[in-house]
Amino acid sequence: MDFEFNEIQEVIRKQVRDLCQKFPASYWREKDQKKQYAEEFVNELTKAGWLAALIPEKYGGAGLGMLEAGIILEEINHSGGAATPCHAQMYTMGAILRHGSEEQKEKYLPKIAKGEIRLQSFGVTEQEAGSDTTKIKTFARREGDSYVINGKKVFISRVQHSDMMLLLARTTPYEKAEKKTMGLTLFLVDLRNNIGKTIQANPIETMINHETNELVIQDLVVPAENVVGEEGRGFYHILDGMNAERILVSSECIGDSYWFIEKSVAYANQRVVFDRKIGENQGVQFPIADAYLKVKAADLMRYKAAVKFDQKKDCGEEANSAKLLASEALSRAADVAMTTYGGNGLATSTDIERKFRESRLYLVAPVTNNLVLSYIGTHVLGMPRSF
Ligand SMILES: Cc1cc2nc3c(=O)[nH]c(=O)nc-3n(C[C@H](O)[C@H](O)[C@H](O)COP(=O)(O)OP(=O)(O)OC[C@H]3O[C@@H](n4cnc5c(N)ncnc54)[C@H](O)[C@@H]3O)c2cc1C
């Protein structure tokens, strides 16, 4: 067993780190204050090919593994930036790659790899269903060679900065489905022709700079050739993309956590109060050391999850564990940084409060940590389901 990163992984880390240097804290601060999309950063990352990490070379991507993809996102967040404006471009295409027809792969993957198509929107959540995805009501009715879709989604991110979206809808009503997880279908939706017409995107203001929307879908026509995978099996198709998403999100949390810890250490080493550096006080030093250990532990779990994913082994336990451990480690590191900085933690100029706000999202999305615990309790430990 070897826990060292290989030479290629180290080169990737360095190259992404170098690219991120061009986007200093002032860039992200301004984006946050103006609530603007990080277009310049996303363009640069796309141009360098990093968002095509997981697309096989055959389709124009880099053909890298989950560990390398994680390093890319980790480095973005470690630099003080945020991968959220574009991380989904990396993994949403996984549904096409794993379940799409060869025709769909050839048609879309090379364009996604080049960034000519942004597929970074994924429409699952609905207000009434919440975490209980099988209860979604958005319905796709077959009419000849097309489906007509009606419904409402909530918290659907990057819609205004995507060309296409993967959409989960019911094709058999919940009550008539043979199993509650059946009768859901995955559609590839062209947003370019439909936004403002059959899809109304109403922005939801949040505590972070994140473009997310309520979607009102009215008589959206999607050709049958845009069904991804098998009709009725969409729930299962998205399930196996979730491990990838959870490992990548953990990587972002780990990058953010290291950023918080480095900032805390630097501040504790230079801020003098009562004629000594605040870091000399164990009340300041120990929480930083403790936060560091929690991140290192989460990092190991992320590493194991990514390695198992790349070995095509079942990594549900590790991917879910990494998501919970990394998001909690981040929460801790963010809180410790706030405390270490004292009043300055609240000043926008130090960036601590911005990253503190951003850290909150990972406890909730893409899955809440309670639902992760439920997965561990039932699937891993064999206790009964509560729902
Ligand atoms: C900024 C942002 C961006 C997002 N982007 C997207 C996106 O692009 N696409 C998309 O589809 N979704 C997106 N989401 C939605 C996100 O995935 C959901 O918010 C999340 O899965 C939780 O669902 P919910 O908000 O409906 O919470 P609920 O399901 O209402 O849960 C509320 C609370 O109750 C707890 N809870 C519920 N049931 C149980 C239970 N059985 N046992 C224990 N605890 C329980 C939950 O853990 C949670 O703490 C986004 C959300 C946010 C905030």
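Which residues of the largest nonpolar core touch the most other members? They are Ala53, Phe187 and Ala333. The model behind this report is predicted.

## Nonpolar core

The largest nonpolar core holds 109 residues. Helix α8, residues 234–270, gives the most to this core. Its share is 14 residues.

Ala333 deserves a second look. Neighbours within four places in sequence are set aside here. Ala333 is then in contact with Ser257, Phe260, Ile261, Ala291 and Val295.

## Domains and their contact

The chain is divided into three parts: domain 1 (7–114), domain 2 (119–232) and domain 3 (236–380). The centres of domain 1 and domain 2, taken over C-alpha atoms, are 24 Å apart. Domain 1 brings 17 residues to the contact between them, and domain 2 brings 13 residues.

On the domain 1 side, the elements that give two or more residues are α2 (25–34), α5 (87–91), α6 (94–99) and α7 (102–114). The most comes from α6, with 3 residues. By class, this side of domain 1 has 8 nonpolar, 6 polar and 3 charged residues.

## Ligand shell

Which domains each give at least three residues to the shell around the ligand? Domain 2 (119–232) and domain 3 (236–380) do. The shell counts 23 residues. The closest to the ligand are Val124, Gly130, Ser131, Thr368 and Asn370. Four elements give two or more residues to the shell: β1 (119–123), β3 (146–157), α11 (352–364) and α12 (369–380).

The shell has no charged residues. Its members divide into 11 nonpolar and 12 polar.

## The β2–β3 hairpin

Strand β3, one of the shell elements, also pairs with β2 (residues 139–143). The pairing is antiparallel and runs over 5 bridges. Ala140 stands opposite Ile149 of β3. In this hairpin, 2 residues lie between the strands. Gly144 takes a positive phi there, near 65 degrees.

Phe155 sits in strand β3 as well. This residue is not a glycine, yet its phi is positive, at about 60 degrees. Is Phe155 buried or exposed? Neither label fits: Phe155 counts as partly exposed because 18 other C-beta atoms lie within 10 Å. A residue needs 20 or more to be buried.

## Backbone exceptions

Most residues other than glycine have a negative phi, and most peptide bonds are trans. Two further sites merit inspection against that background.

Lys35 lies in the loop between α2 and α3 (39–47). Phi of Lys35 is positive, near 55 degrees, in a residue other than glycine. Why does Lys35 count as partly exposed? The reason is its 13 C-beta neighbours inside 10 Å. A residue with 12 or fewer would be exposed.

What joins Ala365 and Pro366? A cis peptide bond does, with omega about 5 degrees. Pro366 is placed in the loop between α11 and α12. Both of these helices give two or more residues to the shell around the ligand.

How values were computed
Residues are numbered from 1 along each chain as its sequence is written. This is a predicted model: local features need pLDDT of at least 70, side-chain atom pairs count only at pLDDT 80 or more; totals for chains, interfaces and linings use all residues. A residue is near a molecule or strand if its C-beta atom, placed from the backbone, lies within 6 Å of it. Ala, Val, Leu, Ile, Met, Phe, Trp, Tyr, Cys and Pro count as nonpolar, Asp, Glu, Lys and Arg as charged, and the others, Gly among them, as polar. Domain bounds come from an automatic or database domain assignment. Two strands pair if DSSP finds at least two bridges between them. Two residues are in contact if their C-beta atoms, placed from the backbone, lie within 7 Å. A nonpolar core is a set of buried Ala, Val, Leu, Ile, Met, Phe, Trp, Tyr and Cys residues joined through C-beta atoms within 7 Å.
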